[in-house]
Amino acid sequence: KRLVQLRPQEQQLWWLDQVINDRGVYVDTALCNAALKIVDQAAEWLDAEMRAITRGHVGACTNVGEITAWLRANGCPDVDSIAKGELDALLARRDLSPTVRRVLELRKEAAKASVAKIDALLRGKNDDNRARGLCQYHAASTGRWGGRRFQPQNIKRPDLEDVDGAIGAVATGDAQYVQLLFGEPLAVVGDCLRGMVSAAPGARLIAADFSNIEGRVQAWFGGEEWKLEAFRAFDAGTGHDLYKVAYSRSFGIRPENVDKSQRQVGKVMELALGYAGGVGAFQKMAVGYGVEVSDEKADELKVAWRDAHPGIVQFWYDLERAAIYAVRNPGKPGRCGQIVFKTAGSFCWMRLPSGRAICYPYPIVEERPTPWGDMKPSFSYMGVNSYTRKWERCYAHGGVLFNNVVQGTARDIMAEAMLRVEQAGYSVV
């Protein structure tokens, strides 16, 4: 009773989603089984080394409790967890003995997610070697799909350059052969995961993606014409890549003078700061790209990026004001450029340029303190907290709303393309 009817375009997309899930993806079963043999061999080697260097105190790399206890007894008394995030933080320490570091490295190597993915792919396939039902329609509030079981949307990018050669080596099922040619077998298997979904016999598998889609949509909404021109020049083959352009714009230097390390900083700035992120967001993103700066420098980078993107920054504030207006004035539209908010009953709707709307249940506006001590009106709604995974009140500042606008619009662009591609006779998988 509460759900609104799907727009005709969205209904068409829902049907296509069913077709895609029923069609499934073709699984290279032989490669999967060969990879699992290598995983078993490599796990035996890692467990044997773990037993040797801990003198039998840790029986296997999967024995988390034993590893934690051994670490506490060997110079790391403050260790409570060796989950992925904590493990990376431990390995970043410079006070570890060579033995402790190797124990942590063995655990990290053995904990690679590739094994679970291969098992999920084999368990989920039918007799015709196709795995079905791997994408969930509208899994996120922005309308984006969610990968399920095998998680096809979340496969690591290969670190190896010669992935074809690595797949050939893994197909032998011989871990020693793989190690001789390419290094750590488990890491190599992880780099070959994408190849375990392949073209069916007699077919070709064509992969396509949008280049820097979120950066383009951000610039379009924010009216950052200089950035849109930079994208056009890059697409035409006459301009620099946007990470160099972002850094050069923020610090007033020529793009051709931006070196490799500065480009990495520009990349982190682009990925971390577009949704009103601050020092914390920058530093969290920086870890994944090998960028190390002080909090003071990170704040300087944040200010420089915002100074270079005044239109986007203004859009954050205008979005928040429009949402607050719509909640305070039910039935009246709160406008921000091409975005319109409207509250009806217990929902606040945000209409995107495509005409599709994102829903915010049970919205309220209340005065809340800011980090700098002032009181200001704050927009919130009921939803699933991405950290606690609980249904609770979620507070959304302009940066969060902009994230929804950009990701929702980028999703609509992809969805439109999916319909066109399918109609042109290409079977989307």
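## Helix α2

The expected span of a helix is 1.5 Å times one less than its number of residues. In this predicted model, helix α2 covers residues 29–53, which is 25 residues. It should therefore span 36 Å, and its end C-alpha atoms are 36 Å apart, which agrees.

Several α2 side chains belong to buried residues: Thr29, Leu31, Cys32, Ala34, Ala35, Leu36, Ile38, Val39, Ala42, Leu46, Asp47 and Met50. Arginine 55 follows α2 and has a positive phi, near 55°.

## Helix α10

Helix α10 runs over residues 213–222. Its buried residues are Gly215, Val217, Gln218, Ala219, Phe221 and Gly222. These buried residues pack against two elements named here with their ranges, α11 (225–235) and β7 (339–344), and also against α16 and α17.

Glycine 223 sits just after α10. Its phi is positive too, at about 65°.

## The second largest pocket

The volume of the second largest pocket is about 700 Å³. It is lined by 21 residues. Closest to the pocket centre are Glu320, Pro371, Trp372, Lys376 and His397.

Four elements each give at least two lining residues: α16 (310–328), β10 (364–369), β11 (375–384) and α17 (398–423). Helix α16 supplies the largest share, five residues. By type, the lining holds 11 nonpolar, five polar and five charged residues.

Helices α16 and α17 thus appear twice: they contribute to this lining, and the buried residues of α10 pack against them.

Note on methods
Residues numbered from 1 in each chain as written. Predicted model: local features only at pLDDT ≥ 70, side-chain atom pairs only at ≥ 80, totals over all residues. Heavy atoms only, no water. Buried < 20%, exposed > 50% of the residue type's maximum accessible area, 1.4 Å probe, protein only. 1 Å grid on protein atoms, 1.4 Å probe; cavity = no way out; pocket = protein on both sides within 12 Å on 5 of 7 lines; lining within 4 Å. Points joined across faces, edges and corners; volume = space filled by probe spheres on them. Nonpolar A, V, L, I, M, F, W, Y, C, P; charged D, E, K, R; others polar. Contact = heavy atoms within 4.5 Å.
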